[in-house]
Amino acid sequence: MWMKQSLNKLRQIVRKMFSNHPTPSDVALDREMLRKMIQEIMSTRPDEIDCGECFEELDRFAEMKLAGKNAAEAMPLVQDHLDRCANCREVFEALLAALRAVA
Amino acid sequence: MTERTNQQWLTALQGPDRDEALADLRTLLVRGLRYALASWPNVDEATVEDLAQDALLRVLKGLDSFRGESRFTTWAQKIAVNVAFTELRRRRWQDISLDDLGASQDTDFMPDTLVDPSADPEKQALQRTLLDTLSEVIATELTDKQRQALVAVRIHGMPLAEVARRMGTNRNALYKLLHDARQRLKKRILAQGLSPQDMLAAFEP
């Protein structure tokens, strides 16, 4: 039993070391997640855009960002979506990394 | 690689001698994806090339939808990164069902362990009250679907597209479902006289 537990623990540590992407695991709600959840709920606004609408604008948003312009101010709803949606934020950050690398 | 304007890219990719433009675009996507996927473990060069190939086909199929609001290559890379993340997320989660994540009606969403034992008694009492309120509104205000999606996405970090596929819907519709859920919860919480500041301050580290 204890061996299985420490093995699981070890697995979790290794996963954390090699990846910043969430992996399927037996996670439970912790206080940090709770804070995020409360933040998410309480900051809900009626005019949010969905992932598809955000994606439509993402190339323009990324170029503005790379040009040092205030993309968040020019496209506040895209910024708002990126702040809320971890999936879209990940794609956006990966896109920036790609664009910077091949520029 | 040849420098091209957006129009030159479009013309070249649809023209009779598109091989050179295709090869250039492919090279660009492979190079970009190497950096874009740096944080994914176990993504080797062969995987990057496969993903770039899938992305290339997607870009070619979608040429008509390019609106020219950015550089063509930026748009193409956006599609490539999205194709790659979608596929890698699918692989990562493929063996997990929503049932595995346990989001049934009787799950205790806000266990007492969330109360901070090092906080003073007054703060602990407040935390307990807030947790009870949250549990209650999650249990009573949300539909089963909303609750299931909330648990999968928020607690387990399952990607929206993966949850959507399992629920027989699409990512945008799922976003809307979760947005409506948040809206309902917010309304109920505010109706109880709790402010966002109070809520967050109660769980301040």
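**Exercise 1. In this predicted model, determine how far apart B:Arg166 and B:Glu162 lie in helix α7 of chain B, and how their side chains meet.**

Solution. Start with the sequence positions: B:Arg166 and B:Glu162 are four residues apart in helix α7 of chain B, and therefore about one helical turn separates them. Next, turn to the side chains, which meet in a salt bridge with an N to O distance of 3.0 Å. Finally, consider exposure: B:Arg166 is partly exposed, its relative accessible area being 26%, whereas B:Glu162 counts as buried at 1% relative accessibility.

**Exercise 2. Establish which residues of α7(B) are buried and what covers them.**

Solution. Helix α7 of chain B spans residues 160-167, and its buried residues are B:Leu160, B:Glu162, B:Val163, B:Ala164 and B:Met167. The cover over these residues comes from both chains, since it includes α3 (51-66) and α6 (86-102) of chain A as well as α4, α6 and α8 of chain B. Following the chain just past α7(B), one reaches B:Gly168, which takes a positive phi of about 70°.

**Exercise 3. Find the acidic partners with which B:Arg4 forms salt bridges, and decide whether each of the residues involved is buried or partly exposed.**

Solution. One partner is B:Glu20, where the closest N and O atoms are 3.9 Å apart; this pair links distant parts of the chain, with B:Arg4 in the segment before α1 (6-14) of chain B and B:Glu20 in helix α2, 16 residues apart. Another partner is B:Asp24, whose side chain meets that of B:Arg4 in a salt bridge of 3.0 Å, N to O, and here the two residues are 20 apart, with B:Asp24 also in helix α2 of chain B. As to exposure, a residue is called buried when its relative accessible area is under 20%, so B:Arg4 at 16% is buried and B:Asp24 at 13% is buried, while B:Glu20 at 49% is partly exposed.

**Exercise 4. Describe the interface between chain B and chain A, beginning with its extent and ending with its salt bridges.**

Solution. First, take the extent: 58 residues of chain B contact 52 residues of chain A, and the buried area is about 5,100 Å², with carbon and sulfur atoms giving 64% of it. Within the area that chain B buries against chain A, B:Lys78, B:Arg154 and B:Tyr175 supply 14%, more than any other three residues. Second, count the polar links, which comprise 21 residue pairs in polar contact, both at pLDDT 80 or more. The side of chain B that touches chain A draws its largest share, 11 residues, from α4(B), and its residues divide into 33 nonpolar, 12 polar and 13 charged. Third, the salt bridges between the two chains number seven, one of them joining B:Arg89 to A:Glu90 at 2.6 Å, N to O.

Terms used: Residues are numbered from 1 along each chain as its sequence is written. Chains are lettered from A and ligands numbered from 1 in the order in which they are written. Side-chain values use heavy atoms; hydrogens and water are left out. Contact means heavy atoms within 4.5 Å. Buried area is the accessible area (1.4 Å probe) that two parts lose on being put together, summed over both. A salt bridge is a side-chain nitrogen of Lys or Arg within 4 Å of a carboxyl oxygen of Asp or Glu. A polar contact is a pair of N or O atoms within 3.5 Å; within protein, one must be able to donate a hydrogen and the other to accept it, and residues adjacent in sequence count only if both atoms are side-chain atoms. Ala, Val, Leu, Ile, Met, Phe, Trp, Tyr, Cys and Pro count as nonpolar, Asp, Glu, Lys and Arg as charged, and the others, Gly among them, as polar. Buried means under 20% relative accessible area, exposed over 50%, partly exposed in between (1.4 Å probe, protein chains only).
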